[in-house]
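Hi everyone, thanks for making time. I'll put the sequence and the structure up, and then we can walk through them together.

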Amino acid sequence: MAIMTASENPDQEDANDELAALDALEKEASEFNKDAEIDRILKAFRLDAYAVLNLQPGVPDSQIKIQYRKLSLLIHPDKTANPSAPDAFDRLKKAQTELTDPKHRTHLDECISDARMLLIRERKLTVDSSEVKEPNKEFIEAWRKKTVEVLVDAEARRRKQLKAQLQEEGREQRKQDEEVAERKRRREHEVKWEESRENRIGSWRDFKKGAGGAPAKGEGDGKQKKKKLKVLG
């Protein structure tokens with residue numbers, strides 16, 4: 001009995017074509033998902049690490065790690081040809097680092113909480129209002145926008161404080177540099193003064209020697225000439 005090859009079996013050939021088409025579709029869908037996620041990360045507000053990782057505030061640390069691992073594997077530059085993948089991957093890594101830093105996460109949570117309270121006051125609501133307890137899509141979007149405003153304001157203050165700190169450090173550094181330069185100048189002056197000491201002493205000795213070497217007039221032999229007395233009359 002003859003054995004038919006795949007090329008001789010129309011049904012098998014059609015099945016292979018279908019599998020190839022499905023693989024192509026899955027690959028295309030996978031690339032689409034990667035591109036979509038890269039685009040989402042790049043459009044997310046970079047000061048809000050929760051937004052970059054597509055997480056809700058208050059999630060446990062374990063969920064942050066799981067989400068980061070899932071997204072990092074999806075958009076890793078080695079797994080996609082998207083030219084924006086490296087930038088998106090760096091932002092994702094930075095967001096994960098910020099959320100695993102207790103100090104930074106506390107600051108972010110405080111800004112988000114402040115934004116919520118500002119929105120409640122603007123709308124003349126209370127924490128017990130149904131709109132606050134069970135926020136709808138519109139309230140959540142308004143809260144997100146208010147969070148952006150608070151984070152921008154906080155970042156502006158941080159940069160201003162950093163600038164003032166750097167200016168103060170610059171003034172202090174200049175003061176220290178001036179003090180160091182002054183001490184150096186004094187040391188150099190003292191060294192030059194000591195180096196010229198022997199010259200000054202030698203010059204003084206030469207001067208004294210020259211001043212005492214020649215006898216004064218009339219003092220050559222230690223005797224003085226007697227004056228002649230004038231005879232009167």
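I'll start with the overall layout, go on to the core, and finish with a few single residues.

One thing up front: this is a predicted model. So what have we got in terms of helices and strands? The chain has eight helices and zero strands, so if you read from the N terminus on, the run of elements is simply α-α-α-α-α-α-α-α. There are 233 residues in the chain, and 20% of them count as buried. The accessible surface comes to about 18800 Å², with 54% of that belonging to carbon and sulfur atoms. And if you take contacts between residues at least 6 apart in sequence, 56% of them join residues at least 24 apart.

Okay, the core. The largest nonpolar core has 26 residues. If you want to find the middle of the contact network, look at Tyr-50, Leu-53, Ile-75, Leu-92, Leu-99 and Leu-108, which have the most contacts inside that core. Which elements give two or more residues to it? That would be helix 1 (10-43), helix 2 (49-53), helix 3 (61-75), helix 4 (85-99), helix 5 (102-122) and helix 7 (137-195). Helix 4 provides the largest share, six residues. There's also a second, separate core of five residues, and that one includes Leu-119, Ile-120, Phe-139 and Ala-142. As background, nonpolar side chains tend to be buried together in soluble globular proteins.

Let's zoom in on Leu-92. Leaving out neighbours within four places in sequence, Leu-92 is in contact with Ile-41, Val-52, Leu-53, Tyr-68, Leu-71, Ser-72 and Ile-75.

Some of those names come back in helix 3. This helix has 15 residues and reaches 21 Å from first C-alpha to last, close to the 21 Å expected at 1.5 Å a residue. Its buried residues are Ile-64, Gln-67, Tyr-68, Leu-71, Ser-72 and Ile-75. Why do we say they line one face? Because, seen down the helix axis, those buried residues fall within an arc of 125 degrees. Over on the other side of helix 3, Lys-65, Ile-66, Arg-69 and Lys-70 are exposed.

Now for some charged residues. Lys-34 and Asp-35 both lie in helix 1. Is Lys-34 buried or exposed? With a relative accessibility of 10%, Lys-34 counts as buried, because the cut-off is under 20%. Setting aside residues up to four places away, Lys-34 touches Leu-74, Ile-75, Lys-79 and Thr-80.

Asp-35, at 33% relative accessible area, is partly exposed. With the same residues left out, Asp-35 touches Thr-80 and Asn-82. Thr-80 is 45 residues away from Asp-35 along the chain, and their C-alpha atoms are separated by 8.5 Å. With Asn-82, there's a side chain to side chain polar contact from Asp-35, at 2.8 Å.

Last one: Glu-98, over in helix 4. Glu-98 counts as buried too, at 11% relative accessibility. Which side chain does the Glu-98 side chain make a polar contact with? It's the side chain of Lys-94, at 2.4 Å. Beyond four places in sequence, Glu-98 touches Ala-49, His-104 and Arg-105.

That's my tour, and I'm happy to turn the model around if anyone wants another look.

Technical notes:
Residues are numbered from 1 along each chain as its sequence is written. This is a predicted model: local features need pLDDT of at least 70, side-chain atom pairs count only at pLDDT 80 or more; totals for chains, interfaces and linings use all residues. Side-chain values use heavy atoms; hydrogens and water are left out. A nonpolar core is a set of buried Ala, Val, Leu, Ile, Met, Phe, Trp, Tyr and Cys residues joined through side-chain atoms within 4.5 Å. Buried means under 20% relative accessible area, exposed over 50%, partly exposed in between (1.4 Å probe, protein chains only). Helices (H or I, at least four residues) and strands (E, at least two) are DSSP runs, numbered from the N terminus. Contact means heavy atoms within 4.5 Å. Accessible areas come from the Shrake-Rupley method with a 1.4 Å probe; for residues, only the protein chains shown count as cover. A polar contact is a pair of N or O atoms within 3.5 Å; within protein, one must be able to donate a hydrogen and the other to accept it, and residues adjacent in sequence count only if both atoms are side-chain atoms. The expected span of a helix is 1.5 Å times one less than its number of residues. The arc is that of the directions from the helix axis to the C-beta atoms.
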